[in-house]
Amino acid sequence: GHTDRVQTVQFAHRGSRFVSGARDGTARIWSHSASGWKCVVLSMHTKLPDSNGRKINKPNVTMVAWDLLDQHIITASNDTLLKVWNPDTGSLLHELQGHEDVVFVLEAHPTDERILMSAGHDGVIALWNLKTGTMIKRFENRYEGNGVASVFDCKFSPDGLSMTCCDSQGQVSFFGVQETSAFDKVPDQQFFHTDYHSVIRDVNNHVLDEQTDLPPHAMPPPLLVNMDCNPYAPEVQLLVTGYVPLVVKVEKKESCQDDDVYRGLNHRWPAVAT
């Protein structure tokens, strides 16, 4: 098997095959039969004749994925190349060039077997055609005045018409081809007023919210606030799962740490009337 730490594992969508990727510079496609386990080895040293990937003495597989129909395996490594392999023969089909830093996101499209999404620490989100080995679309997760932010995770919606990505700055970005007016009223800044509450431990060493003395999982739904901890209007609070409208008069808060105004409300956070 592998000779160094295994970092990623992914089952095929059908059957019992799975692929593993490790710091030893290989991905291995595992299958089991009556004669025992066997594997097809994919070496990251394998390159196409016209390869322009970064030269790495010790390749390191960071992520693996199957396409929708399990006809291709995709690997990402620290040479910034994505490689598309035939899972039956282990032959290298394509090298996808477009990232400038390590990729930790590989997501197969849920309805189109040709499409793959990748994202990484270079802030690039890319859509690829696995059949042709070409890039379909490239997005750059750039912040004005602050450069790019690393992308930590991305997912397609079940219908494949939109995708969501989260980054190192705490921002969630939505991409899609459908009509977007439903998002127009959603505030750009979304924080819970409890996000930065301190926690304590009781005599049984259980974690409690310091202000309410409740376990975090048992706390009522929090208020949705902006970055200055000012609550949004009642219609926006309805975005919070479990929120029960209960209108009271509150003042804008200087700090999210002082929540006395929200206590004793039948375990429901109120909507806000200004």
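Trainee: In which sense do strand 15 and strand 16 pair, and over how many bridges?
Mentor: This is a predicted model. Strand 15 covers residues 151–156, and strand 16 covers residues 162–167. In strand 16, Asp167 is the bridge partner of Val151. The pairing is antiparallel, over five bridges.

Trainee: Which residue takes a positive phi in the hairpin of strand 15 and strand 16?
Mentor: Look between the strands. Five residues lie there. One of them has a phi near 75°. That residue is Gly160.

Trainee: Which residue in strand 17 is the bridge partner of Cys165?
Mentor: Strand 17 spans residues 172–176. Strand 16 pairs with strand 17 in the antiparallel sense, over five bridges. The two form a hairpin with four residues between them, and Gly170 in the turn has a positive phi of about 85°. Within strand 17, the partner of Cys165 is Ser173.

Trainee: Which cysteines form the disulfide?
Mentor: The structure holds one disulfide. A pair of cysteine sulfur atoms must lie within 2.5 Å to count. Here the sulfur atoms are 2.5 Å apart, one in strand 15 and the other in strand 16. The pair is Cys154 and Cys165.

Trainee: What is the handedness of the disulfide of Cys154 and Cys165?
Mentor: Use the torsion about the S-S bond. For Cys154 and Cys165 that torsion is about 115°. The disulfide is therefore right-handed.

Trainee: Is Cys154 buried or exposed?
Mentor: Buried means under 20% relative accessible area. Cys165 has 4%, so Cys165 is buried. Cys154 has 0%, so Cys154 is buried.

Trainee: Why does Cys166 have no bond to the closest cysteine sulfur?
Mentor: Burial is not the test here. Cys166 is partly exposed, at 30% relative accessibility. The closest cysteine sulfur is in Cys154. That is too far for a bond, because the distance is 7.0 Å.

Trainee: Which strands stand at the edges of the open sheet in the order 1-2-3-4?
Mentor: Four strands form this sheet, with antiparallel pairing. An edge strand here has a single partner, so one side is left without a neighbour in the sheet. The edges are strand 1 (6–11) and strand 4 (36–43).

Trainee: What does the twist average from one strand to the next?
Mentor: Stay with the open sheet in the order 1-2-3-4. From one strand to the next, the twist averages 20°.

Trainee: Which residue in strand 3 is the bridge partner of Val19?
Mentor: Strand 2 covers residues 18–22, and strand 3 covers residues 26–33. They pair in the antiparallel sense over four bridges. The partner of Val19 is Ile29.

Technical notes: Residues numbered from 1 in each chain as written. Predicted model: local features only at pLDDT ≥ 70, side-chain atom pairs only at ≥ 80, totals over all residues. Heavy atoms only, no water. Pairing = 2+ DSSP bridges. Axes fitted to C-alpha atoms, helices over the stretch in contact; angles between N-to-C directions. Buried < 20%, exposed > 50% of the residue type's maximum accessible area, 1.4 Å probe, protein only.
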